[in-house]
Amino acid sequence: MKSAVIVNVDDNELSRYARNRLLRHSGFDVHDASTGEEALQAIRSANPDLVMLDVNLPDISGIEVCRRIKSHSDSASVIVLQISATATTAPQATAALENGADTYLVEPVDPDVLVATVRALLRLRNAERDLAASNAALREANRMLAGLNEALARSNRDLERFAHIASHDLQDPLRTVTVYVEMLTRSLSNQLDEKQREFVEFILDGTRRMSSFISDLLAYSRFERDKLELQPVPLDDVVAWALDNLRDKIRDAGAAVHRETLPVVWGDRVQLAQVFQNLIANSLKYRKENEPAVIRIEAERVSPEEWAVCVRDNGIGISPEYHDRIFGPFERLHGRQIPGTGIGLAVCRRIVVENHGGSIWVESEPDKGAAFFVRLKAAPAEQGQT
Ligand code: ADP
(Lines give C-alpha, C1' and ligand atoms only; values in the text may rest on other atoms or scores of the structure.)
Protein backbone atom coordinates (compact mmCIF):
# COMPACT_ATOMS: atom_id res chain seq x y z
CA MET A 1 0.00 0.00 0.00
CA LYS A 2 1.22 3.52 -0.77
CA SER A 3 2.71 5.32 2.29
CA ALA A 4 0.81 8.35 3.55
CA VAL A 5 2.48 11.62 2.53
CA ILE A 6 3.28 14.12 5.30
CA VAL A 7 4.62 17.66 5.03
CA ASN A 8 6.47 18.59 8.21
CA VAL A 9 6.58 22.38 8.68
CA ASP A 10 8.91 23.71 11.36
CA ASP A 11 11.38 26.64 11.36
CA ASN A 12 13.57 24.98 13.97
CA GLU A 13 16.00 22.91 11.97
CA LEU A 14 16.88 20.50 14.75
CA SER A 15 13.37 19.56 15.72
CA ARG A 16 12.31 19.41 12.04
CA TYR A 17 15.16 16.99 11.36
CA ALA A 18 14.27 14.83 14.36
CA ARG A 19 10.59 14.64 13.36
CA ASN A 20 11.45 13.88 9.71
CA ARG A 21 13.47 10.90 10.92
CA LEU A 22 10.79 9.75 13.34
CA LEU A 23 8.08 9.91 10.69
CA ARG A 24 10.19 8.24 7.97
CA HIS A 25 11.07 5.55 10.45
CA SER A 26 7.36 5.02 11.07
CA GLY A 27 6.79 4.39 7.36
CA PHE A 28 5.58 7.79 6.13
CA ASP A 29 6.69 9.61 2.97
CA VAL A 30 7.96 12.89 4.45
CA HIS A 31 8.51 16.30 2.82
CA ASP A 32 9.50 19.32 4.87
CA ALA A 33 9.34 23.10 4.92
CA SER A 34 10.75 25.79 7.22
CA THR A 35 8.48 28.76 6.39
CA GLY A 36 4.81 29.33 5.66
CA GLU A 37 5.45 30.08 1.97
CA GLU A 38 7.57 26.95 1.60
CA ALA A 39 4.84 24.96 3.31
CA LEU A 40 2.18 26.17 0.84
CA GLN A 41 4.55 25.39 -2.03
CA ALA A 42 5.25 21.87 -0.71
CA ILE A 43 1.55 21.22 -0.24
CA ARG A 44 0.90 22.17 -3.88
CA SER A 45 3.68 19.93 -5.19
CA ALA A 46 3.53 16.93 -2.80
CA ASN A 47 -0.27 16.71 -2.44
CA PRO A 48 0.07 15.38 1.14
CA ASP A 49 -2.41 13.48 3.30
CA LEU A 50 -1.36 15.38 6.41
CA VAL A 51 0.49 18.58 7.28
CA MET A 52 2.25 18.88 10.62
CA LEU A 53 2.32 22.58 11.22
CA ASP A 54 4.34 24.56 13.73
CA VAL A 55 2.31 27.58 14.84
CA ASN A 56 5.28 29.97 15.02
CA LEU A 57 6.73 30.43 11.57
CA PRO A 58 8.98 33.34 10.51
CA ASP A 59 6.81 34.64 7.63
CA ILE A 60 3.16 33.61 7.87
CA SER A 61 1.73 32.29 11.13
CA GLY A 62 0.88 28.58 11.25
CA ILE A 63 -2.76 29.50 11.92
CA GLU A 64 -2.91 31.53 8.70
CA VAL A 65 -1.19 28.75 6.73
CA CYS A 66 -3.82 26.36 8.05
CA ARG A 67 -6.64 28.74 7.06
CA ARG A 68 -5.23 28.95 3.51
CA ILE A 69 -4.89 25.16 3.24
CA LYS A 70 -8.49 24.64 4.32
CA SER A 71 -9.93 27.41 2.18
CA HIS A 72 -8.41 26.16 -1.06
CA SER A 73 -10.49 23.48 -2.75
CA ASP A 74 -7.40 21.48 -3.85
CA SER A 75 -6.09 21.16 -0.31
CA ALA A 76 -9.24 21.44 1.85
CA SER A 77 -9.25 17.72 2.62
CA VAL A 78 -5.61 17.67 3.81
CA ILE A 79 -5.42 16.94 7.55
CA VAL A 80 -3.70 19.65 9.60
CA LEU A 81 -2.02 18.74 12.87
CA GLN A 82 -0.99 21.95 14.52
CA ILE A 83 1.88 21.97 17.03
CA SER A 84 2.43 25.01 19.20
CA ALA A 85 5.09 26.35 21.52
CA THR A 86 5.07 25.43 25.20
CA ALA A 87 3.16 28.34 26.68
CA THR A 88 0.03 28.19 24.54
CA THR A 89 -3.05 29.94 25.81
CA ALA A 90 -6.55 28.55 25.45
CA PRO A 91 -7.57 31.35 22.98
CA GLN A 92 -4.59 30.44 20.76
CA ALA A 93 -5.58 26.76 20.72
CA THR A 94 -9.18 27.74 19.98
CA ALA A 95 -8.07 30.01 17.13
CA ALA A 96 -6.02 27.20 15.59
CA LEU A 97 -8.93 24.76 15.68
CA GLU A 98 -11.41 27.33 14.43
CA ASN A 99 -9.18 28.08 11.47
CA GLY A 100 -9.46 24.50 10.39
CA ALA A 101 -6.78 22.53 12.27
CA ASP A 102 -7.95 18.93 12.77
CA THR A 103 -6.13 18.61 16.04
CA TYR A 104 -3.76 20.49 18.25
CA LEU A 105 -0.73 19.35 20.25
CA VAL A 106 1.40 21.40 22.63
CA GLU A 107 5.20 21.05 22.91
CA PRO A 108 6.89 19.02 24.22
CA VAL A 109 5.21 16.26 22.20
CA ASP A 110 6.13 12.70 23.03
CA PRO A 111 7.31 10.98 19.80
CA ASP A 112 5.08 7.93 20.33
CA VAL A 113 2.06 10.15 20.99
CA LEU A 114 2.88 12.13 17.84
CA VAL A 115 3.04 9.03 15.60
CA ALA A 116 -0.06 7.54 17.22
CA THR A 117 -1.94 10.83 16.69
CA VAL A 118 -0.86 10.95 13.04
CA ARG A 119 -2.05 7.39 12.53
CA ALA A 120 -5.37 8.06 14.27
CA LEU A 121 -5.98 11.14 12.11
CA LEU A 122 -5.17 9.21 8.93
CA ARG A 123 -7.51 6.39 9.98
CA LEU A 124 -10.29 8.89 10.51
CA ARG A 125 -9.63 10.49 7.14
CA ASN A 126 -9.65 7.10 5.37
CA ALA A 127 -12.93 6.21 7.02
CA GLU A 128 -14.32 9.55 5.86
CA ARG A 129 -13.14 8.87 2.31
CA ASP A 130 -14.68 5.37 2.32
CA LEU A 131 -17.93 6.84 3.55
CA ALA A 132 -17.89 9.50 0.87
CA ALA A 133 -17.13 6.86 -1.77
CA SER A 134 -19.98 4.60 -0.63
CA ASN A 135 -22.32 7.60 -0.48
CA ALA A 136 -21.39 8.45 -4.04
CA ALA A 137 -21.91 4.82 -5.09
CA LEU A 138 -25.27 4.80 -3.32
CA ARG A 139 -26.32 8.02 -5.04
CA GLU A 140 -25.31 6.55 -8.39
CA ALA A 141 -27.20 3.30 -7.67
CA ASN A 142 -30.27 5.33 -6.67
CA ARG A 143 -30.03 7.37 -9.83
CA MET A 144 -29.83 4.19 -11.91
CA LEU A 145 -32.75 2.66 -10.03
CA ALA A 146 -34.86 5.76 -10.62
CA GLY A 147 -33.98 5.54 -14.33
CA LEU A 148 -34.92 1.85 -14.45
CA ASN A 149 -38.17 2.49 -12.61
CA GLU A 150 -39.06 5.21 -15.04
CA ALA A 151 -38.23 2.92 -18.00
CA LEU A 152 -40.32 0.14 -16.46
CA ALA A 153 -43.26 2.46 -15.86
CA ARG A 154 -42.97 3.70 -19.44
CA SER A 155 -42.88 0.18 -20.87
CA ASN A 156 -45.86 -0.81 -18.67
CA ARG A 157 -47.79 2.18 -19.96
CA ASP A 158 -46.87 1.25 -23.54
CA LEU A 159 -47.96 -2.34 -22.99
CA GLU A 160 -51.21 -1.20 -21.46
CA ARG A 161 -51.85 1.12 -24.35
CA PHE A 162 -51.08 -1.72 -26.74
CA ALA A 163 -53.41 -4.13 -24.92
CA HIS A 164 -56.11 -1.49 -24.92
CA ILE A 165 -55.83 -0.68 -28.62
CA ALA A 166 -55.42 -4.31 -29.68
CA SER A 167 -58.42 -5.50 -27.68
CA HIS A 168 -60.50 -2.56 -28.83
CA ASP A 169 -59.63 -3.18 -32.48
CA LEU A 170 -60.28 -6.92 -32.20
CA GLN A 171 -63.84 -6.40 -31.05
CA ASP A 172 -65.10 -5.13 -34.39
CA PRO A 173 -63.99 -8.00 -36.66
CA LEU A 174 -65.16 -10.46 -34.01
CA ARG A 175 -68.60 -8.86 -33.97
CA THR A 176 -68.66 -9.14 -37.79
CA VAL A 177 -67.80 -12.85 -37.66
CA THR A 178 -70.52 -13.50 -35.07
CA VAL A 179 -73.20 -11.55 -36.92
CA TYR A 180 -72.48 -13.21 -40.27
CA VAL A 181 -72.29 -16.71 -38.83
CA GLU A 182 -75.65 -16.11 -37.18
CA MET A 183 -77.13 -14.76 -40.45
CA LEU A 184 -75.72 -17.68 -42.43
CA THR A 185 -77.12 -20.14 -39.91
CA ARG A 186 -80.56 -18.52 -40.11
CA SER A 187 -80.62 -18.52 -43.91
CA LEU A 188 -79.43 -22.11 -44.07
CA SER A 189 -81.53 -23.26 -41.16
CA ASN A 190 -83.38 -25.94 -43.15
CA GLN A 191 -80.35 -27.30 -44.94
CA LEU A 192 -78.03 -27.80 -41.91
CA ASP A 193 -77.75 -31.29 -40.53
CA GLU A 194 -77.04 -32.14 -36.91
CA LYS A 195 -73.24 -32.18 -37.36
CA GLN A 196 -73.17 -28.83 -39.17
CA ARG A 197 -75.31 -27.23 -36.47
CA GLU A 198 -72.81 -28.47 -33.91
CA PHE A 199 -69.96 -26.88 -35.91
CA VAL A 200 -71.80 -23.57 -35.98
CA GLU A 201 -72.34 -23.82 -32.23
CA PHE A 202 -68.59 -24.37 -31.78
CA ILE A 203 -67.85 -21.23 -33.80
CA LEU A 204 -70.32 -19.17 -31.80
CA ASP A 205 -69.03 -20.56 -28.52
CA GLY A 206 -65.49 -19.61 -29.61
CA THR A 207 -66.50 -16.06 -30.56
CA ARG A 208 -68.39 -15.64 -27.26
CA ARG A 209 -65.36 -16.73 -25.27
CA MET A 210 -63.06 -14.53 -27.29
CA SER A 211 -65.42 -11.61 -26.83
CA SER A 212 -65.48 -11.97 -23.05
CA PHE A 213 -61.71 -12.39 -23.05
CA ILE A 214 -61.32 -9.15 -25.02
CA SER A 215 -63.67 -7.17 -22.80
CA ASP A 216 -61.84 -8.44 -19.69
CA LEU A 217 -58.53 -7.47 -21.25
CA LEU A 218 -59.95 -4.05 -21.94
CA ALA A 219 -61.13 -3.80 -18.35
CA TYR A 220 -57.71 -4.82 -17.08
CA SER A 221 -55.88 -2.23 -19.20
CA ARG A 222 -58.33 0.50 -18.23
CA PHE A 223 -57.54 0.77 -14.54
CA GLU A 224 -54.90 3.46 -14.63
CA ARG A 225 -53.81 5.20 -11.50
CA ASP A 226 -54.35 8.75 -12.75
CA LYS A 227 -58.07 8.31 -13.35
CA LEU A 228 -58.84 7.61 -9.72
CA GLU A 229 -61.38 9.62 -7.76
CA LEU A 230 -60.43 8.98 -4.17
CA GLN A 231 -63.06 9.86 -1.60
CA PRO A 232 -64.81 8.32 1.42
CA VAL A 233 -66.65 5.27 0.09
CA PRO A 234 -69.29 3.49 2.22
CA LEU A 235 -68.65 -0.17 1.47
CA ASP A 236 -72.26 -0.96 2.44
CA ASP A 237 -73.41 0.91 -0.68
CA VAL A 238 -70.69 -0.58 -2.84
CA VAL A 239 -71.51 -4.16 -1.82
CA ALA A 240 -75.26 -3.53 -2.19
CA TRP A 241 -74.61 -2.32 -5.72
CA ALA A 242 -72.47 -5.37 -6.54
CA LEU A 243 -75.12 -7.72 -5.11
CA ASP A 244 -77.78 -5.98 -7.17
CA ASN A 245 -75.73 -6.54 -10.33
CA LEU A 246 -75.37 -10.21 -9.42
CA ARG A 247 -79.04 -10.64 -8.43
CA ASP A 248 -79.85 -13.18 -11.16
CA LYS A 249 -76.73 -15.24 -10.56
CA ILE A 250 -77.38 -15.31 -6.80
CA ARG A 251 -80.92 -16.47 -7.41
CA ASP A 252 -79.84 -19.13 -9.95
CA ALA A 253 -77.24 -20.47 -7.54
CA GLY A 254 -79.72 -20.44 -4.64
CA ALA A 255 -77.00 -18.70 -2.67
CA ALA A 256 -77.39 -17.10 0.76
CA VAL A 257 -75.45 -13.88 1.28
CA HIS A 258 -74.85 -12.60 4.82
CA ARG A 259 -73.20 -9.28 5.35
CA GLU A 260 -72.17 -7.27 8.37
CA THR A 261 -72.31 -3.51 8.53
CA LEU A 262 -69.29 -2.46 6.53
CA PRO A 263 -66.97 0.52 7.08
CA VAL A 264 -66.40 3.70 5.10
CA VAL A 265 -63.04 3.44 3.35
CA TRP A 266 -60.89 5.79 1.30
CA GLY A 267 -61.04 4.87 -2.35
CA ASP A 268 -62.63 5.02 -5.77
CA ARG A 269 -66.28 3.96 -5.57
CA VAL A 270 -66.53 2.44 -9.06
CA GLN A 271 -63.29 0.51 -8.81
CA LEU A 272 -64.07 -0.86 -5.34
CA ALA A 273 -67.50 -1.95 -6.57
CA GLN A 274 -65.71 -3.86 -9.32
CA VAL A 275 -63.51 -5.60 -6.72
CA PHE A 276 -66.43 -6.80 -4.62
CA GLN A 277 -68.47 -7.78 -7.64
CA ASN A 278 -65.57 -9.92 -8.92
CA LEU A 279 -65.03 -11.58 -5.53
CA ILE A 280 -68.72 -12.33 -4.94
CA ALA A 281 -69.16 -13.55 -8.53
CA ASN A 282 -66.26 -15.96 -7.98
CA SER A 283 -67.82 -17.25 -4.76
CA LEU A 284 -70.93 -18.06 -6.77
CA LYS A 285 -69.00 -19.53 -9.68
CA TYR A 286 -66.70 -21.75 -7.65
CA ARG A 287 -69.37 -23.14 -5.33
CA LYS A 288 -69.68 -26.85 -4.62
CA GLU A 289 -72.14 -28.72 -6.78
CA ASN A 290 -73.83 -30.54 -3.95
CA GLU A 291 -74.09 -27.76 -1.37
CA PRO A 292 -75.93 -24.42 -1.50
CA ALA A 293 -73.52 -21.48 -1.62
CA VAL A 294 -73.21 -19.41 1.55
CA ILE A 295 -71.30 -16.14 1.24
CA ARG A 296 -70.32 -13.95 4.19
CA ILE A 297 -68.98 -10.43 3.87
CA GLU A 298 -67.30 -9.19 7.04
CA ALA A 299 -64.95 -6.40 8.09
CA GLU A 300 -62.33 -6.12 10.78
CA ARG A 301 -60.30 -3.11 11.86
CA VAL A 302 -56.65 -4.19 11.58
CA SER A 303 -55.01 -0.89 12.58
CA PRO A 304 -56.24 2.63 13.44
CA GLU A 305 -55.99 3.48 9.72
CA GLU A 306 -56.97 0.23 8.05
CA TRP A 307 -59.79 -2.23 7.53
CA ALA A 308 -59.63 -5.77 6.23
CA VAL A 309 -62.83 -6.72 4.44
CA CYS A 310 -63.40 -10.41 3.81
CA VAL A 311 -65.56 -12.24 1.26
CA ARG A 312 -65.84 -15.80 2.56
CA ASP A 313 -67.51 -18.72 0.82
CA ASN A 314 -68.10 -22.44 1.36
CA GLY A 315 -67.05 -23.40 -2.17
CA ILE A 316 -64.48 -25.70 -3.73
CA GLY A 317 -61.51 -23.84 -2.23
CA ILE A 318 -58.00 -23.34 -3.57
CA SER A 319 -54.85 -25.29 -2.84
CA PRO A 320 -52.21 -23.14 -1.01
CA GLU A 321 -49.63 -23.43 -3.83
CA TYR A 322 -51.97 -21.38 -6.05
CA HIS A 323 -52.78 -18.64 -3.53
CA ASP A 324 -50.40 -16.12 -5.13
CA ARG A 325 -50.66 -17.27 -8.71
CA ILE A 326 -54.39 -16.75 -9.10
CA PHE A 327 -53.89 -12.96 -8.79
CA GLY A 328 -51.78 -12.87 -11.98
CA PRO A 329 -53.51 -12.05 -15.29
CA PHE A 330 -54.90 -15.05 -17.21
CA GLU A 331 -54.17 -17.47 -14.37
CA ARG A 332 -56.96 -20.04 -14.06
CA LEU A 333 -57.17 -23.26 -12.15
CA HIS A 334 -60.15 -24.52 -14.08
CA GLY A 335 -60.70 -25.58 -17.64
CA ARG A 336 -63.66 -24.73 -19.78
CA GLN A 337 -66.13 -26.51 -17.53
CA ILE A 338 -66.29 -23.26 -15.51
CA PRO A 339 -66.34 -20.19 -17.79
CA GLY A 340 -63.82 -17.43 -17.15
CA THR A 341 -60.77 -15.63 -18.49
CA GLY A 342 -58.51 -15.45 -15.45
CA ILE A 343 -58.61 -11.66 -15.36
CA GLY A 344 -61.03 -11.00 -12.48
CA LEU A 345 -58.57 -11.36 -9.60
CA ALA A 346 -55.80 -9.61 -11.56
CA VAL A 347 -58.14 -6.62 -11.89
CA CYS A 348 -58.87 -6.83 -8.14
CA ARG A 349 -55.18 -6.81 -7.35
CA ARG A 350 -54.48 -3.84 -9.60
CA ILE A 351 -57.29 -1.86 -8.09
CA VAL A 352 -56.49 -2.71 -4.48
CA VAL A 353 -52.69 -2.74 -4.53
CA GLU A 354 -51.66 -0.32 -7.26
CA ASN A 355 -54.53 2.15 -7.12
CA HIS A 356 -55.42 2.07 -3.42
CA GLY A 357 -52.10 1.13 -1.79
CA GLY A 358 -53.86 -1.76 -0.04
CA SER A 359 -53.36 -5.50 -0.16
CA ILE A 360 -55.37 -8.53 -1.21
CA TRP A 361 -54.86 -12.19 -0.34
CA VAL A 362 -56.69 -15.45 0.02
CA GLU A 363 -56.89 -18.02 2.79
CA SER A 364 -58.20 -21.35 1.60
CA GLU A 365 -57.82 -25.09 1.31
CA PRO A 366 -59.31 -27.40 -1.27
CA ASP A 367 -62.91 -28.30 -0.45
CA LYS A 368 -62.98 -25.97 2.57
CA GLY A 369 -64.16 -22.73 0.96
CA ALA A 370 -62.14 -19.59 0.33
CA ALA A 371 -61.79 -16.29 2.20
CA PHE A 372 -60.57 -13.34 0.13
CA PHE A 373 -59.27 -10.42 2.22
CA VAL A 374 -59.02 -6.84 1.01
CA ARG A 375 -57.06 -4.43 3.16
CA LEU A 376 -57.98 -0.77 2.61
CA LYS A 377 -57.39 2.59 4.27
CA ALA A 378 -60.18 3.89 6.45
CA ALA A 379 -61.72 7.19 5.29
CA PRO A 380 -59.85 10.06 7.06
CA ALA A 381 -62.78 11.02 9.33
CA GLU A 382 -63.02 7.38 10.45
CA GLN A 383 -59.35 6.88 11.22
CA GLY A 384 -58.63 6.14 14.82
CA GLN A 385 -62.31 5.48 15.65
CA THR A 386 -63.35 1.96 16.43
P1 ADP B 1 -61.72 -16.48 -13.68
O2 ADP B 1 -62.77 -16.66 -12.64
O3 ADP B 1 -62.19 -15.76 -14.87
O4 ADP B 1 -61.04 -17.76 -14.02
P5 ADP B 1 -60.23 -14.98 -11.70
O6 ADP B 1 -59.03 -14.16 -11.91
O7 ADP B 1 -61.43 -14.33 -11.11
O8 ADP B 1 -60.56 -15.59 -13.12
O9 ADP B 1 -59.84 -16.20 -10.80
C10 ADP B 1 -58.65 -16.92 -11.07
C11 ADP B 1 -58.77 -18.34 -10.59
O12 ADP B 1 -58.81 -18.37 -9.17
C13 ADP B 1 -60.04 -19.01 -11.02
O14 ADP B 1 -59.88 -19.60 -12.30
C15 ADP B 1 -60.28 -20.03 -9.93
O16 ADP B 1 -59.56 -21.19 -10.22
C17 ADP B 1 -59.67 -19.41 -8.70
N18 ADP B 1 -60.70 -18.80 -7.82
C19 ADP B 1 -61.05 -17.51 -7.77
N20 ADP B 1 -62.01 -17.31 -6.82
C21 ADP B 1 -62.23 -18.49 -6.25
C22 ADP B 1 -63.09 -18.95 -5.18
N23 ADP B 1 -63.90 -18.12 -4.52
N24 ADP B 1 -63.05 -20.27 -4.86
C25 ADP B 1 -62.23 -21.13 -5.52
N26 ADP B 1 -61.41 -20.75 -6.54
C27 ADP B 1 -61.39 -19.47 -6.88
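**Cores, ring pairs and unusual backbone angles**

Mentor: The largest nonpolar core has 46 residues, and those with the most contacts inside it are Leu235, Val275, Phe276, Leu279, Ile280, Ile297 and Phe372. This is a predicted model, in which local features need pLDDT of at least 70 and side-chain atom pairs count only at pLDDT 80 or more, whereas totals for chains, interfaces and linings use all residues. Residues are numbered from 1 along each chain as its sequence is written, and side-chain values use heavy atoms, with hydrogens and water left out.

Trainee: What makes a set of residues a nonpolar core?

Mentor: Its members are buried Ala, Val, Leu, Ile, Met, Phe, Trp, Tyr and Cys residues, joined through side-chain atoms within 4.5 Å. Buried means under 20% relative accessible area, exposed means over 50%, and partly exposed lies in between (1.4 Å probe, protein chains only).

Trainee: Which helix gives the largest share of this core?

Mentor: Helix H9, residues 269–285, gives the largest share, with 8 residues. Helices (H or I, at least four residues) and strands (E, at least two) are DSSP runs, numbered from the N terminus.

Trainee: Which residues does leucine 235 touch?

Mentor: Leucine 235 touches Leu262, Pro263, Val265, Leu272, Phe276 and Val309, where residues up to four places away in sequence are not counted. Contact here means heavy atoms within 4.5 Å.

Trainee: How many residues belong to the other core that lies apart from the largest one?

Mentor: That other core has 19 residues, and Val5, Val7, Leu53 and Val65 are among them.

Trainee: How many aromatic pairs are there, and what makes two rings a pair?

Mentor: The count comes to 2 aromatic pairs. Rings of Phe, Tyr and Trp (its six-membered ring) pair if their centres lie within 6.5 Å; planes under 30 degrees apart count as stacked, over 60 as edge-to-face and the rest as tilted.

Trainee: Which kind of pair do phenylalanine 327 and phenylalanine 372 form, and why?

Mentor: The ring centres of phenylalanine 327 and phenylalanine 372 are 6.1 Å apart, which meets the distance limit for a pair. Their planes stand at 70°, so the pair is edge-to-face.

Trainee: Why is this pair said to tie together parts of the chain?

Mentor: Phenylalanine 327 lies in the loop between strand S10 (306–313) and helix H10 (344–355), and phenylalanine 372 lies in strand S12 (residues 370–377), so the pair ties together parts that are 45 residues apart in sequence.

Trainee: Are phenylalanine 327 and phenylalanine 372 buried or exposed?

Mentor: Phenylalanine 327 has 4% relative accessibility and therefore counts as buried. Phenylalanine 372 has a relative accessible area of 6%, so this residue is buried. Phenylalanine 372 is also one of the residues with the most contacts inside the largest nonpolar core.

Trainee: Why is the pair of tryptophan 361 and phenylalanine 373 called stacked?

Mentor: The centres of these two rings are 5.2 Å apart and their planes meet at 10°, so the pair is stacked. Tryptophan 361 belongs to strand S11 (residues 359–364) and phenylalanine 373 to strand S12, so the pair ties together parts that are 12 residues apart in sequence.

Trainee: How are tryptophan 361 and phenylalanine 373 classed by accessible area?

Mentor: The relative accessible area of tryptophan 361 is 28%, so this residue is partly exposed. For phenylalanine 373 the value is 12%, so this residue is buried.

Trainee: What kind of peptide bond joins glutamate 107 and proline 108?

Mentor: The bond between glutamate 107 and proline 108 is a cis peptide bond, with omega about -5°. Proline 108 is found in the loop between strand S5 (103–106) and helix H5 (111–187). Most residues other than glycine have a negative phi, and most peptide bonds are trans.

Trainee: What is the phi of asparagine 47, and where is this residue placed?

Mentor: Phi of asparagine 47 is near 45°, a positive value in a residue other than glycine. Asparagine 47 sits in the loop between helix H2 (36–46) and strand S3. With 55% relative accessibility, asparagine 47 therefore counts as exposed.

Trainee: What is the phi of aspartate 367, and why is aspartate 367 classed as it is by accessibility?

Mentor: Aspartate 367 has a positive phi of about 75°, although it is not a glycine. Aspartate 367 lies in the loop between S11 and S12. At 54% relative accessibility, aspartate 367 is over the limit for exposed residues and therefore counts as exposed.
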